Amino acid sequence: MNLISLENISKSYGEKVLLKDISVIINEGEKIGLIGINGTGKSTLLKVIAGIENYDDGKITKASKLRIEYLSQNAEFDDDAKVIEQIFKGNSPIMKLLRDYENTIEKLENNSEDNRLQKKLLELNEKMDAANAWEIESQAKIVLTQLGIRNFDAKVGTLSGGQRKRIALAGALISPCDLLILDEPTNHMDNETVKWLEEYLNSRKGALIMITHDRYFLDRVTNRMLELNNGKLYSYTGNYSVFLEAKAEREAFNEAAENKRQNLLRRELAWIKRGAKARSTKQKARIDRFNELASQEIEKRNEKVEISVGSTRLGKKVINLNNICKRFEDKKLIDDFNFIFKKEDRIGIIGANGIGKSTLLNIINDKIKPDSGTIEIGETVKIGYFSQEYKNIDESMRAIEYVKEGAEFIKTEDGTSISASRMMERFLFTPEIQWTHISRLSGGEKRRLYLLRVLMEAPNVLILDEPTNDLDIETLNVLEEYIEQFNGTVIAVSHDRYFLDKTANEIISFKGNGVIEKFTGNYSEYMEFLQKQGIEDEHSDKVSKNSKNDNKNTKNSEKPKSNKSLKFSYKEKLEYEQIDGWIEETEIELEEVKEKINSAGCDYTILQELLEKQKELEDKLDNLMERWTYLNELAEKINM
C-alpha cells in the first residue's frame with residue numbers, strides 16, 4: 001500500500017537548488033535509508049515529507065488518515081518538564097491523554113485530598129483503559145531505560161545534549177504512526193544503544209525513512225536506499241551493501257555513456273568538416289544531432305582530489321601515559337592507566353557514554369589534569385584536536401577564509417604544496433561553496449569545515465572525538481582515506497563500528513569503574529575475541545561485510561574493412577540506399593526509451609531495464625553510424 005507519493009517536487013533556497021523535480025513513493029513496511037553529501041537537502045526532503053517544510057513545485061499525495069512521526073536533528077524541549085512528560089509532547093489524542101494523566105498524578109502528589117482531582121483521575125483511568133494507553137506508558141519507560149534514561153522525573157533542563165536527544169528519540173519511537181521519520185537517530189549514541197535501536201526498528205512494523213551515517217546500521221535495518229545527489233533522487237532496492245554495488249554499476253554506465261557520447265561527437269564533427277556531401281535532405285538533421293550531443297548534460301561522479309598526505313615530522317617518542325588516574329567526585333573514570341602511543345598507531349577508543357573516553361583525550365591534550373600519574377610528550381609532537389564542540393567559528397567569515405586561517409598551503413609527502421582551495425575540493429567543497437559565508441552552511445558542512453581546518457594545520461598526532469557525528473558518508477570515506485595515508489598517530493573516540501573497522505589497529509575499551517582494556521586489532525576482531533573468551537558483551541555483534549568487485553567486460557566493435565574496389569557490391573548498394581532510414585528509426589526508438597526513463601520515477605529495477613535497452617540501442621546506433629561513415633566515404637571515392 002502506498003503511504004505517500006511525491007511527484008516532481010522542487011525546492012530552492014535563493015539560488016541554491018536542493019530538490020530538482022523529485023518523484024518517490026514510500027510504501028507500507030519499507031525501511032528506507034536516505035544518504036547524500038551534507039548540504040544537499042536530505043533534512044529538507046524529510047521535512048517536506050513530514051509536512052513541516054513547504055516546497056516550490058510539485059504534488060504530494062498521502063494515504064487517508066496517514067500518521068507521520070518526525071524526529072528532527074534539533075528537537076525542541078521544555079526545560080521545566082519532567083522526562084516522562086517531555087516524551088508525551090505529541091499532538092495525537094493518545095499523547096494528549098497521557099500528558100493529562102501524568103499532570104493529574106503530579107497535582108495529586110501535592111494535594112492528595114482534592115476530590116475534584118481524584119474524580120478526574122478516575123475518569124482518566126477509564127479513558128486510559130479504553131485507549132490501551134497503559135501499554136504506551138509502559139513502553140515509554142522501557143524505551144527510555146534502553147536509551148540510558150532511568151530517572152523519569154528529572155527535569156529536562158538538567159540533562160546533557162546527548163540525553164535530551166535520546167528523550168526526543170524515545171518520544172518518536174513510542175508515538176503510534178504509519179511512517180516514522182528519523183534525522184540522524186544514532187548521533188551521540190554508544191554502540192550498545194545503537195545495537196538495541198537496530199533490533200527495535202527491525203521488529204517495528206510501520207514504514208521508516210531515516211538519515212544516518214552509520215553504515216553497519218544502514219546495512220542491517222534498511223531494505224531500500226535513496227541517494228540525493230545534485231538535486232536528483234536515485235532509488236535502490238536493498239540495503240547499503242546492495243546500494244554500493246548498484247551505484248558502482250550506475251557510475252560505470254554513466255562513464256561508458258559519456259565515452260560513447262564523445263566518440264559520436266568526434267564522428268559527427270568529422271562528418272560536418274567534410275562538408276556533409278552525402279545527402280542534402282539529411283544535413284540539417286545531422287547538424288541538429290551534433291548540437292544536441294554537444295549540449296547534453298551528463299551526470300558527473302563526485303570526484304575526489306587524490307593527494308598523498310604530508311604532516312609535520314614526528315620523532316620516535318610520541319606520547320607516554322604513566323599510571324594515570326582520574327575521578328570526578330565519587331566516580332572513578334581512569335585507574336592506573338599506562339599506554340605508549342607510537343608513530344603510525346591507529347587507536348580506537350570505545351565504551352559507554354559518560355564513562356571517561358573524552359576525559360582521556362582531554363588529559364592527553366592537556367585540557368584537564370590527571371589526579372595522579374605523568375604524561376610525556378615528544379618534542380616533535382604537534383597535536384590536531386577535532387572535538388565534539390566547534391563553537392568558536394566566526395560565521396561571518398567565508399568558508400575558504402576560515403580554512404586559510406589554519407594554513408594557505410599544506411605540504412604533501414613528496415614536498416608539493418597544495419592550496420587550501422584544492423584541499424577544500426578534496427573534502428567536497430565545490431568552488432562555489434568555498435566562498436559561501438559559514439552562516440549559510442548546514443550543520444554537517446560546518447563540521448566538515450572544522451575538520452578540514454584541523455587537518456590544514458598539518459598535525460602529526462590526530463585526536464578525533466566522535467568524528468563521525470554529523471558527517472555524511474562521502475566525507476567519512478574521504479576522512480578514512482586521509483587516515484590511511486596519514487604519516488602520524490591517530491587516536492579516535494568513536495561509536496561508529498564501520499569507521500573503527502576501517503581505521504583502527506588497536507582498541508582501548510573502557511569497561512567502567514576506571515578499568516580499561518587494551519586489544520590489538522580492529523573493532524570486529526575485538527568483538528570476536530570477547531566471544532571466544534565467553535564474555536557476554538553488549539557490543540558483540542559479528543559483522544559480515546559483503547563486497548563484490550564488478551569487472552566490466554568491454555566490447556570493442558571491429559571497424560568494417562575498407563573495400564578496395566571503387567564500386568559498391570550489391571549488398572553495399574542496398575545498405576547505402578537504406579542506412580539513413582535505419583539510423584532515423586533507431587534514433588526515434590532511442591528517443592522513446594529516453595522519454596520512458598524520464599517518466600519511470602525512481603524505481604531502480606524498471607530504470608535498470610530501460611537503461612539496458614538504451615545501451616543496446618546506442619550500441620546499434622554506434623555501429624550504424626560507423627557503417628554510414630564507411631559507405632559515404634566509399635561513395636565519395638566512387639564519384640571522384
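The second largest cavity of this predicted model is lined by Arg346, Ile347, Gly348, Ile483, Val490, Ala492, Phe499, Leu500, Thr503 and Ala504. Its volume is about 50 Å³, and by class the lining comprises 7 nonpolar, 2 polar and 1 charged residues. Three elements, namely strand S12 (346–350), strand S18 (489–493) and helix H17 (497–503), each contribute at least two residues to this lining.

This cavity belongs to a set, since the structure holds 4 cavities of 30 Å³ or more. The largest cavity has a volume of about 60 Å³, and the residues that line it are Leu34, Ile35, Gly36, Asn38, Lys42, Glu184, Ile211, Thr212, His213, Leu471, Asp472 and Ile473. In this lining 5 residues are nonpolar, 4 are polar and 3 are charged.

Around these cavities stands a protein chain with 20 helices and 20 strands. Of its 640 residues, 51% count as buried. Among the contacts in the chain with a separation of 6 or more, 70% are accounted for by residues 24 or more positions apart.

Lys42, one of the residues lining the largest cavity, also leads to helix H1, where Lys42 is buried together with Thr44, Leu45, Leu46, Val48, Ile49 and Ala50. Because 7 of the 9 residues of H1 are buried, this helix is largely enclosed by the rest of the structure. After H1 comes Gly51, which has a positive phi near 85 degrees. Helix H1, residues 42–50, lies across S1, S2 and S4, and runs at about 130 degrees to S1.

Those strands make up an open sheet of 3 strands, in the order S2-S1-S4, with antiparallel pairing. Strand S2 (16–27) and strand S4 (57–62) are at the edges, and each has a single partner strand, so one side of each is left without a neighbour in the sheet. On average, and with direction ignored, neighbouring strands of this sheet are turned by 10 degrees against each other. Strand S1, residues 2–13, is joined to S4 by 5 bridges, the two strands running antiparallel, and Ser5 stands opposite Thr61 in S4. As a general point, the strands of a sheet pair through backbone hydrogen bonds, in either a parallel or an antiparallel manner.

Further along the chain, another open sheet consists of 3 strands in the order S11-S10-S13, and here too the pairing is antiparallel. S11 and strand S13 (372–377) occupy the edges, each with a single partner strand, so that one side of each is left without a neighbour in the sheet. Neighbouring strands of this sheet are turned against each other by 20 degrees on average, direction ignored.

Within this sheet, strand S10 (residues 319–328) and strand S11 (residues 331–341) run antiparallel and are joined by 7 bridges, with Ile324 opposite Phe337 in S11. The hairpin of S10 and S11 has 2 residues between the strands, and in this hairpin Glu329 takes a positive phi near 55 degrees. Towards the other edge, S10 is joined to S13 by 5 bridges, and these strands also run antiparallel; the bridge partner of Cys325 in S13 is Ser372. Helix H11, residues 357–364, lies across S10, S11 and S13 and runs at about 130 degrees to S10.

Terms used. Residues are numbered from 1 along each chain as its sequence is written. This is a predicted model: local features need pLDDT of at least 70, side-chain atom pairs count only at pLDDT 80 or more; totals for chains, interfaces and linings use all residues. Side-chain values use heavy atoms; hydrogens and water are left out. Two strands pair if DSSP finds at least two bridges between them. Helices (H or I, at least four residues) and strands (E, at least two) are DSSP runs, numbered from the N terminus. Axes are lines fitted to C-alpha atoms, for helices over the stretch in contact, and angles run from 0 to 180 degrees between N-to-C directions. Contact means heavy atoms within 4.5 Å. On a 1 Å grid over the protein atoms alone, a cavity is a set of points where a 1.4 Å probe fits but cannot get out, and a pocket is an open set with protein on both sides within 12 Å along at least five of seven lines; lining residues have an atom within 4 Å of a point. Grid points are joined across faces, edges and corners, and a volume is the space filled by probe spheres set on the points. Ala, Val, Leu, Ile, Met, Phe, Trp, Tyr, Cys and Pro count as nonpolar, Asp, Glu, Lys and Arg as charged, and the others, Gly among them, as polar. Buried means under 20% relative accessible area, exposed over 50%, partly exposed in between (1.4 Å probe, protein chains only).
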